[in-house]
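Please open the structure in your viewer and keep the selection panel at hand. The tour below moves from one selection to the next and says what is to be found at each stop.

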Amino acid sequence: MSSAYSHLPNSDFDLESDDLSMNLVGPSRDAPTLQSSHTPLLSVIAPATLPEGYEFETIVGNARYMVTVPPGGVENGQKFEVPLPSRMVASAATIAIPVGHWRDSLFGCFSHGPCHPHLWTGLCCGLLAAGQVTRRLKLTAWGKPGSVGQTEIAFKVIFMALVVYLTIYIGLYLVLLALAPNAQVPTNAYMAIFYIRSIWHYLYMIALTIVLFNLRGYVRRKYAIPGSETEDCCCSCWCPCLVATQLMRHTTDYDTYPSLCCSETGLPKHAPEIV
């Protein structure tokens, strides 16, 4: 019985096994990948001058998206487009923090009135105010990023350090009162306690300056605020109370959530986390 199909010459239909495998498996790894021209884009207006790779949250309708600044960075007010993120940010309540600038000036400590709790916390106990900021930002007791265990106990460590400082400082002051000389020339014991008390206070101020320096630098970098480490150092050294109150105001919204002196964050328990 003869075949109904004609024979094709090998020259017209002759595939090598490697070529056949390649055609069946797919294109080579070196072949360029074509991107779809229908990728949805998200148009964003930069809230501040931001470097490339910086991430910030934007709101489109009721949806929240995390946007990454493209290569080259963007200028304040510049309109740019990025691929629409595939996932939305969790819609849990958060406190929006200004990006690219401080919420108010270094001397805005009276912006909420002379009796506001954050003002007196910062003026009377700068280390306690710094501890509340570290708890909000989930930092260690020294104002730096750390493990979950270190950040959870940061406020407790700072509070205990403050208690130890005040106990020794007040104790030395009482000793000075007991040794207060009636004569014009103080005794050697009195001068020794006086110098020890002064050194103890200087150590406290050094520790406070280091914590505030780390906190201010972290907040500047996190929220793309212009400045320098020199500025952070000078402000923390010469104006620790003003730095502490400014950090407290920047990391929350006191117009919405009241300030509390006796809490780990300086805010009510129902206050959401910051962004």
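Is Tyr 204 buried or exposed? Select Tyr 204 and its surroundings: with a relative accessibility of 13%, Tyr 204 counts as buried, the cut-off for that class being under 20%. Keep in mind throughout that this is a predicted model.

**The whole chain**

Before going further with that residue, zoom out and colour the protein by pLDDT, which averages 83, with 80% of the residues scoring at least 70. Then select residues 1-36, where pLDDT stays under 50 and for which the model has one contact beyond four places in sequence. Where pLDDT is low, the predicted coordinates should not be read in detail.

Switch to a cartoon view, in which the protein shows eight helices and six strands, following the order α-β-β-β-β-β-α-α-α-α-α-α-α-β along the sequence. Of the 275 residues in the protein, 36% are buried, and the accessible surface comes to about 17500 Å², with 62% of that surface belonging to carbon and sulfur atoms. If you display contacts between residues at least 6 apart in sequence, 66% of them join residues at least 24 apart.

**Helix α5**

Now select residues 154-179, which form helix α5 with its 26 residues. From the first C-alpha to the last, α5 reaches 38 Å, close to the 38 Å expected at 1.5 Å a residue. Show the side chains of Ala 154, Phe 155, Ile 158, Leu 162, Tyr 165, Leu 172 and Leu 176, which are the buried residues in this helix. To see what covers them, add helices α3 (126-137), α4 (148-152) and α6 (188-222), which are included in that cover.

**Gly 131, on helix α3**

Within helix α3, pick Gly 131, which counts as buried because its relative accessibility is 0%. With neighbours within four places in sequence left aside, Gly 131 is in contact with Phe 155, Ile 158 and Glu 264. A distance label drawn between the C-alpha atoms of Gly 131 and Glu 264 should read 7.5 Å, although these two residues are 133 places apart in sequence.

**The aromatic pairs**

Return to α5 and show the aromatic rings; the protein has five aromatic pairs, counting rings whose centres lie within 6.5 Å. One of them joins Phe 155 and Phe 159, whose rings are stacked, with 6.3 Å from centre to centre and 20° between the planes. Since Phe 155 and Phe 159 are four residues apart in helix α5, about one helical turn separates them. Phe 155 counts as buried at 10% relative accessibility, whereas Phe 159 is partly exposed, with a relative accessible area of 40%.

Next, select Tyr 165 together with the tyrosine where the tour began: the ring centres of Tyr 165 and Tyr 204 are 4.1 Å apart and their planes lie at 10°, so this pair is stacked. Because Tyr 165 lies in helix α5 and Tyr 204 in helix α6, the pair ties together parts that are 39 residues apart in sequence. Tyr 165 is buried, with a relative accessible area of 8%.

As a last selection, add Tyr 169 and Trp 200 to these two tyrosines, and you will have on screen a cluster in which ring pairs link Tyr 165, Tyr 169, Trp 200 and Tyr 204.

How values were computed:
Residues numbered from 1 in each chain as written. Heavy atoms only, no water. Helix = DSSP H or I, 4+ residues; strand = E, 2+ residues; numbered from the N terminus. Expected span 1.5 Å × (residues − 1). Buried < 20%, exposed > 50% of the residue type's maximum accessible area, 1.4 Å probe, protein only. Contact = heavy atoms within 4.5 Å. Phe/Tyr/Trp six-rings, centres within 6.5 Å; stacked < 30°, edge-to-face > 60°. pLDDT = per-residue confidence, 0-100. Areas by Shrake-Rupley, 256 points an atom, 1.4 Å probe, with all protein chains shown as cover.
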